[in-house]
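Here is a short briefing to read alongside the model. Keep the viewer open and follow along as you go.

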Amino acid sequence: GTRTLRTFLHAHPRVRFVLREGNFFDRHQRRAPTATAYLAALPDDVAPRDGVALGAGTTYKVTWKSENMLPDHPLTIQVWDARAWIELGSLGLGNFLDREDKMVSSERVANTGEFELFLPLIERHDDGYYIVLQSRLDASVSAQSGRFTMLAADYTMAVTAPAEGASLVGGSRVTVRWTTTGVAPGEDMRVELYRVRDTSSIVPDWLNFDKQTEYEATVTRATENRAKQVEWYVPLSLERSSKYFMRLTWVNAKVSVSGAMFAVAPGAKKLDVVKPSADSVWQQIGTPKTVAWSAAGFGADERFFNVYLRTTSLFRYLIDGEHVLAANATASPVYVDLPANLTAGQYKVEVAWAKANNLRAASAPFDIAAPPDEPIVGVYNGASDNAVQASGA
């Protein structure tokens, strides 16, 4: 069928079939033409040539043409530097350097004929850059642009709020602000919260080489730079400390700056998961499961909570994500059913304030057991989360 043919052509861009009478494919009727791709223009319909100057840290539309390739054929678009310095060796008097081609960025794209390419940041102007377009299924199918000059970007980034010495309270709403120059308004910015943990209190900060900078929370994964701010609720789980700071990252350029240090103190809002506990074992079939929590400091119109289930395995979490067990629950406890086809293992339940999903509390890790080989038929008697009155088949 058409779907099978499209799948085959993805894997074999050099093969061409001819449909003949009798409803069969004859690949021997013609000599198979070679799939081709070539860069038509870079950027904005200006052909690359010696002397063309493009700005690092900016986005340009690269266009190309192809033959005998489907529109969704997977490609890789790469930026190469033909004048990169490499170290050849040393005789003890200094390093011997030479230049070689070096790939400085790579993106996966479909064969749509155009792509908004972000040109990576560089330290100094250079005229040895070029672009390579290559099939991800057949490396021999590729195209290369002419050489162009890339100009080093002149940019600045700074976190302006929270200000140095500011005091934040867990559960409170704050505004994180930043300023930039030389960064386009549509570029994505990521903001994260970090903390400096001191392992030694004997020496002053400027001599303390035992400091550990630890990630605490993500404020925003991607907010357009034009906003210059993002609203955020301070997590309830943060410990009291005066050494928190925000880190601002230009996502495309992969460069970051850190803001000033500020303090976080526990707030009036409290949220704790009471059940399940560390010794709980949930069966995948049987009765509904009980989730209970305690909440304090939330107004009458703020008592709405979401309940999530997530594995403690990072690998499984990246695949499965978290499961929603209950949404906008107004009272504790709630009785929930487990998702179908759940993998047995260690899990935890998280209860989050519906108004600010990052304000959440987690249960102790507990086990969810694999289902038995034979089905269980049971009636909930209220005694426990796994109670059944009859079983077997």
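The notes below start with the overall make-up and then take up sheets, cores and aromatic contacts.

This is a predicted model, and the protein in it has two helices and 29 strands. Of its 393 residues, 37% are buried. Among contacts between residues at least 6 apart in sequence, 65% join residues at least 24 apart.

**The sheet S21-S23-S26**

- Let us begin with an open sheet of three strands, which has the order S21-S23-S26 and antiparallel pairing.
- Strand S21 (270-275) and strand S26 (334-336) are at its edges; each has a single partner strand, so one side of each has no neighbour in the sheet.
- On average, neighbouring strands here are turned by 30 degrees against each other, direction ignored.
- S21 is joined to strand S23 (residues 289-296) by five bridges, and the two run antiparallel.
- If you would like a residue pair to locate, Leu-271 stands opposite Ala-295 in S23.

**The sheet S12-S14-S17**

- Another open sheet of three strands follows the order S12-S14-S17, again with antiparallel pairing.
- Strand S12 (156-161) and strand S17 (229-233) are the edge strands, and each of them pairs on one side only.
- The average turn between neighbouring strands in this sheet is 25 degrees, direction ignored.
- Between S12 and strand S14 (residues 173-181) there are five bridges, with the strands running antiparallel.
- Met-157 has Thr-180 in S14 as its bridge partner.

**The hairpin of S27 and S28**

- Two residues form the link of a hairpin that joins S27 to S28.
- These strands pair in the antiparallel sense over four bridges.
- Val-351 has its bridge partner in S28, namely Ala-361.

**The nonpolar cores**

- The largest nonpolar core holds 26 residues, and those touching the most other members are Val-291, Trp-293, Val-307, Leu-309, Val-351 and Ile-368.
- At least two residues of this core come from each of S21, S23, strand S24 (305-311), strand S25 (323-329), S26, strand S27 (345-353), strand S28 (356-362) and strand S29 (366-369).
- Which strand gives the most to this core? That is S27, with four residues.
- Apart from this core lies another, of 25 residues, including Phe-118, Val-159, Val-191 and Val-234.
- Trp-293 is a good residue to select in your viewer: leaving aside neighbours within four places in sequence, Trp-293 is in contact with Leu-271, Asp-272, Val-273, Val-274, Phe-305, Val-307, Ala-329, Ala-331, Ser-332, Val-334 and Val-351.
- Two residues in that contact list also appear in the bridges above: Leu-271 opposite Ala-295, and Val-351 with Ala-361.

**Aromatic pairs**

- Across the whole structure, a search finds 12 aromatic pairs.
- In one of them, the ring centres of Phe-118 and Trp-250 are 5.7 Å apart and the planes stand at 80 degrees, so this pair is edge-to-face.
- Phe-118 belongs to strand S8 (residues 114-118) and Trp-250 to strand S18 (residues 241-250), so that the pair links distant parts of the chain, 132 residues apart.
- Are these two rings buried or exposed? Phe-118 is buried, with a relative accessible area of 9%, and Trp-250 is buried as well, at 0%.
- Tyr-233 and Trp-353 make an edge-to-face pair too, with 5.5 Å centre to centre and 80 degrees between the planes.
- Since Tyr-233 lies in strand S17 and Trp-353 in strand S27, this pair ties together parts that are 120 residues apart in sequence.
- Both Tyr-233 and Trp-353 are buried.
- Ring pairs also connect these two with others, giving a cluster of Tyr-233, Trp-293, Phe-298, Phe-305 and Trp-353.

**Charges over rings**

- Arg-247 has its charged end over the ring of Tyr-194, at 4.1 Å from the ring's centre.
- Phe-298, a member of the ring cluster, has Lys-269 lying over its face, 5.8 Å from the ring centre.

Notes
Residues numbered from 1 in each chain as written. Predicted model: local features only at pLDDT ≥ 70, side-chain atom pairs only at ≥ 80, totals over all residues. Heavy atoms only, no water. Pairing = 2+ DSSP bridges. Axes fitted to C-alpha atoms, helices over the stretch in contact; angles between N-to-C directions. Core = buried A, V, L, I, M, F, W, Y, C linked by side-chain atoms within 4.5 Å. Buried < 20%, exposed > 50% of the residue type's maximum accessible area, 1.4 Å probe, protein only. Contact = heavy atoms within 4.5 Å. Phe/Tyr/Trp six-rings, centres within 6.5 Å; stacked < 30°, edge-to-face > 60°. Lys NZ or Arg CZ within 6 Å of the ring centre and 35° of its normal.
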